[in-house]
Amino acid sequence: MTPVINRLKILDIVPFGNGPKHEFFALRLTPPNWESSAPGQFVMLRPLPARSDALCPRPFSICKLTGGHLIVFFQVRGRITADMAVLEPGDEVQVTGPLGNSLPVHAGRPTLILAGGIGIAPFVEYVEKHPRPAALTVEFGHRYPLECYPFEGIAEKCAARSHEEKSEEDRAGFVALMEKRIRDFAQEGLILACGPTPFLRLIRDVSLSCGAEAHLCLETRMACGIGACLGCVIKAHLPADGDAPVRINPSGRAESPDEGRFVRTCACGPNFRADQVIF
Amino acid sequence: MENTGVILKGPYSSLELKNPILTASGTFGYGLEFAPYGDLRSLGGIVVKGLSLKPREGNPMPRIAESPCGMLNAVGLQNCGAEAFLRDILPALPTDSLPVIANIYAASKEEFAELAGMLSEEKGIAGLEVNISCPNVREGGLLFGQDPHLAAAVTTAVRARAGRKPLIVKLTPNVTDIAAVARACEDAGADIISCINTLSGMSVDIATRRPRLAAGFGGLSGPAVKPVALRCVRQVASAVSIPVIGIGGISSAGDVLEFILVGAHAVQVGTASFSCPDAAFRIVEELPAVAEKYGVSDWDSFRSSLLPG
């Protein structure tokens with residue numbers, strides 16, 4: 001799965017949600033020419049030609065990939081995503097991928113998927129490509145109305161529930177639910193999570209406390225996405241780059257191994273075992 | 001233009017490149033990260049991520065922030081250390097056909113000398129680039145590059161241990177008189193001057209009321225700094241008789257010609273490799289035709305053809 005740089009055309013761009021001002025979009029692109037990819041991998045994307053003075057591409061999960069198209073789901077957060085929101089069919093984007101490692105898939109193990117907000121994106125592809133969707137359970141917490149997110153396709157394929165967070169009580173309820181679900185799956189299940197950092201931290205802590213095997217799909221700021229800029233590092237308990245797709249490990253050793261070491265989210269992740277991640 | 005090759009002739013040693021395009025330290029990893037995106041051997045050379053004697057952990061996150069037409073970084077020279085580089089990485093690079101230049105950083109001139117001694121023994125290393133201009137480390141770094149006497153002292157110490165390796169000294173634009181620093185380095189034994197390293201800068205978020213970089217300040221790079229880089233290259237090239245490598249916001253073959261016209265013998269492509277991983281490879285490909293378009297037949301006559309403003 002050697003990554004390649006593609007120049008892809010926009011097939012269409014579909015706004016999600018019914019509000020007056022759209023923030024969520026599915027960007028459907030012509031298919032890339034890479035050989036294969038796996039759920040949980042990502043691409044670096046930017047409009048061509050540049051629509052603003054923003055220089056670097058941004059990382060996006062592969063939300064859905066078929067022979068006919070690649071879908072990237074995004075929320076408008078900054079300059080590049082604002083530029084992306086006004087793209088039209090026929091416009092072009094630079095897409096480098098597939099990048100990073102993938103999420104573990106075990107047909108024989110009950111798998112709990114915990115997604116927070118835009119963290120739902122990689123699981124569209126995950127559920128789609130899973131050999132046994134009946135083994136999957138999805139709990140999705142979100143702040144914007146459900147129609148803002150690509151949840152429908154997931155709910156059609158597996159047991160999936162959504163939880164809208166409108167108040168502190170809602171949040172506490174979802175947290176309690178997640179804690180219970182993690183304990184339910186701790187014995188033989190597999191737990192996968194993607195979402196905001198406090199959400200992932202909670203999932204890591206609960207998983208560690210009950211011995212559950214959890215994997216976190218992280219999002220960090222990146223300039224290159226290919227292991228060169230060292231802008232996306234996280235602290236992790238990792239002896240070396242190990243299974244990472246990029247063999248070279250530029251990280252220096254931490255003073256004390258207990259404090260972990262800086263590893264690149266792009267090259268060693270973006271999917272990490274929860275017990276490796278130090279928040 | 002058929003042959004874009006160039007020889008950077010220093011007083012002690014020369015650097016011969018098949019074309020004037022190198023990749024800048026800190027923007028091209030250790031080289032192998034970019035192997036999927038182009039033939040490394042097509043490049044004039046690569047300058048690897050700054051190496052120190054011992055591995056360095058680097059600065060806390062966040063380390064990068066974009067700014068108009070540029071980006072700030074405060075990575076803090078995270079690297080695996082020279083020993084691991086020589087053992088694990090260098091053997092994997094095609095050093096027979098790709099000049100690999102080791103960028104080195106140290107907190108004292110003694111350490112600089114030790115590093116130089118270690119690397120100058122290596123056949124696979126085509127040259128040394130001495131980083132006396134990093135704004136993102138507390139000890140040494142920028143300080144060496146801001147004082148002509150200290151810059152000369154480091155250059156002398158490295159020269160003594162660099163053997164026959166071409167010695168490049170990389171300068172900072174964060175000074176009042178870059179020409180004075182360049183002259184001091186030339187007098188102390190540098191073969192080549194490269195400039196510029198990043199400009200010290202800051203980005204702040206009014207919503208959180210915090211700097212966008214954990215380190216507070218960072219180094220600005222990208223097209224935003226190109227005019228500053230051109231001015232510095234011009235001043236340095238006018239002040240010294242050794243070759244100059246231009247660095248700063250280069251993202252096209254046209255940019256390369258601009259730097260050569262103001263006095264550079266070669267250039268380094270930096271932040272453009274983040275925008276697109278094949279940027280340096282593409283510039284190498286495009287250079288002959290663009291040079292042709294502007295009537296450039298050989299680098300030396302083009303370099304001396306700048307007219308008054």
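**Figure 1. Where chain A meets chain B in this predicted model.** The contact draws on 29 residues from chain A and 37 residues from chain B. On the chain A side, the residues touching chain B split into 18 nonpolar, eight polar and three charged. As for the scores of the model, ipTM comes out at 0.95 and pTM at 0.94.

**Figure 2. Chain A on its own, with six helices and 16 strands.** For 279 residues the globule rule gives 19 Å, and the radius of gyration of chain A is close to that at 18 Å, so chain A is as compact as a globular protein of that length. Its C-alpha trace spans about 50 × 45 × 35 Å along the principal axes. Half the story is inside: 50% of the 279 residues of chain A count as buried. Look at the contacts in chain A with a separation of 6 or more, and 70% of them come from residues 24 or more positions apart.

**Figure 3. Strand β13 of chain A and its two antiparallel pairings, with β14(A) and with β16(A).** Strand β13 covers residues 233–236 of chain A, and its pairing with β14(A) runs over four bridges. To find the register, start at Val233(A), which sits opposite Arg264(A) in β14(A). Further along, Lys235(A) faces Phe262(A) of β14(A). The pairing of β13(A) with strand β16 (residues 277–278) of chain A takes two bridges, and here Ala236(A) stands opposite Val277(A).

**Figure 4. Side chains along strand β14 (residues 261–264) of chain A.** In a regular strand, side chains alternate between the two faces of the sheet. Here Arg261(A) and Val263(A) point one way, while Phe262(A) and Arg264(A) point the other way. All four of these residues, the two arginines included, are buried.

**Figure 5. Phe74(A) and the residues around it in chain A.** Phe74(A) belongs to strand β6, residues 70–75 of chain A. Is Phe74(A) buried or exposed? Buried is the answer, because 22 other C-beta atoms lie within 10 Å of Phe74(A), and 20 are enough to count. Setting aside neighbours within four places in sequence, Phe74(A) is in contact with Phe25(A), Leu27(A), Phe60(A), Thr81(A) and Met84(A). Take Leu27(A) from that list: it is 47 residues from Phe74(A) in sequence, yet the two C-alpha atoms are 7.8 Å apart in space.

**Figure 6. A cis peptide bond in each chain, at Pro270(A) and at Pro62(B).** In chain A the bond from Gly269(A) to Pro270(A) is cis, with omega near 10°. Pro270(A) sits in the loop between α6 (265–268) and β15 (271–273) of chain A. Over in chain B, the bond from Met61(B) to Pro62(B) is cis as well, with omega near -5°. Look for Pro62(B) in the loop between β4 and β5 (64–67) of chain B.

**Figure 7. Chain B on its own, with 10 helices and 16 strands.** The average pLDDT of chain B is 96, and 99% of the residues score at least 70. A compact globule of 309 residues would have a radius of gyration near 19 Å, and the 18 Å of chain B agrees with that. The C-alpha atoms of chain B fill a box of roughly 50 × 45 × 40 Å along the principal axes. Of the 309 residues, 60% count as buried.

**Figure 8. The eight-stranded barrel of chain B.** The strands close up in the order β3-β4-β7-β8-β9-β10-β15-β16, with parallel pairing. On average, neighbouring strands of this sheet are turned by 25° against each other, direction ignored. Zooming in, β4 (residues 45–47) and β7 (residues 100–104) of chain B pair in the parallel sense over two bridges, and Val47(B) has Ile101(B) as its bridge partner in β7(B). Helix α2 (residues 109–120) of chain B lies across β7 and β8 (127–131), running at about 160° to β7(B). Helix α4 (residues 148–161) of chain B also packs on the sheet, where it touches β8 and β9 (167–171) and makes about 155° with the direction of β8(B).

**Figure 9. Two non-glycine residues of chain B with positive phi, Cys69(B) and Arg209(B).** Cys69(B) has a phi of about 55° and is found in the loop between β5 and β6 (70–73) of chain B. With 18 other C-beta atoms within 10 Å, Cys69(B) is partly exposed. For Arg209(B) phi is about 60°, and its loop is the one between β12 (204–205) and β13 (210–211) of chain B. Arg209(B) counts as exposed, because it has 7 C-beta neighbours inside 10 Å.

Terms used
Residues numbered from 1 in each chain as written. Chains lettered and ligands numbered in written order. Predicted model: local features only at pLDDT ≥ 70, side-chain atom pairs only at ≥ 80, totals over all residues. Pairing = 2+ DSSP bridges. Axes fitted to C-alpha atoms, helices over the stretch in contact; angles between N-to-C directions. Contact = placed C-beta atoms within 7 Å. pLDDT = per-residue confidence, 0-100. Rg over C-alpha atoms; globule rule 2.2 N^0.38 Å. Buried ≥ 20, exposed ≤ 12 C-beta atoms within 10 Å, placed from the backbone. Nonpolar A, V, L, I, M, F, W, Y, C, P; charged D, E, K, R; others polar.
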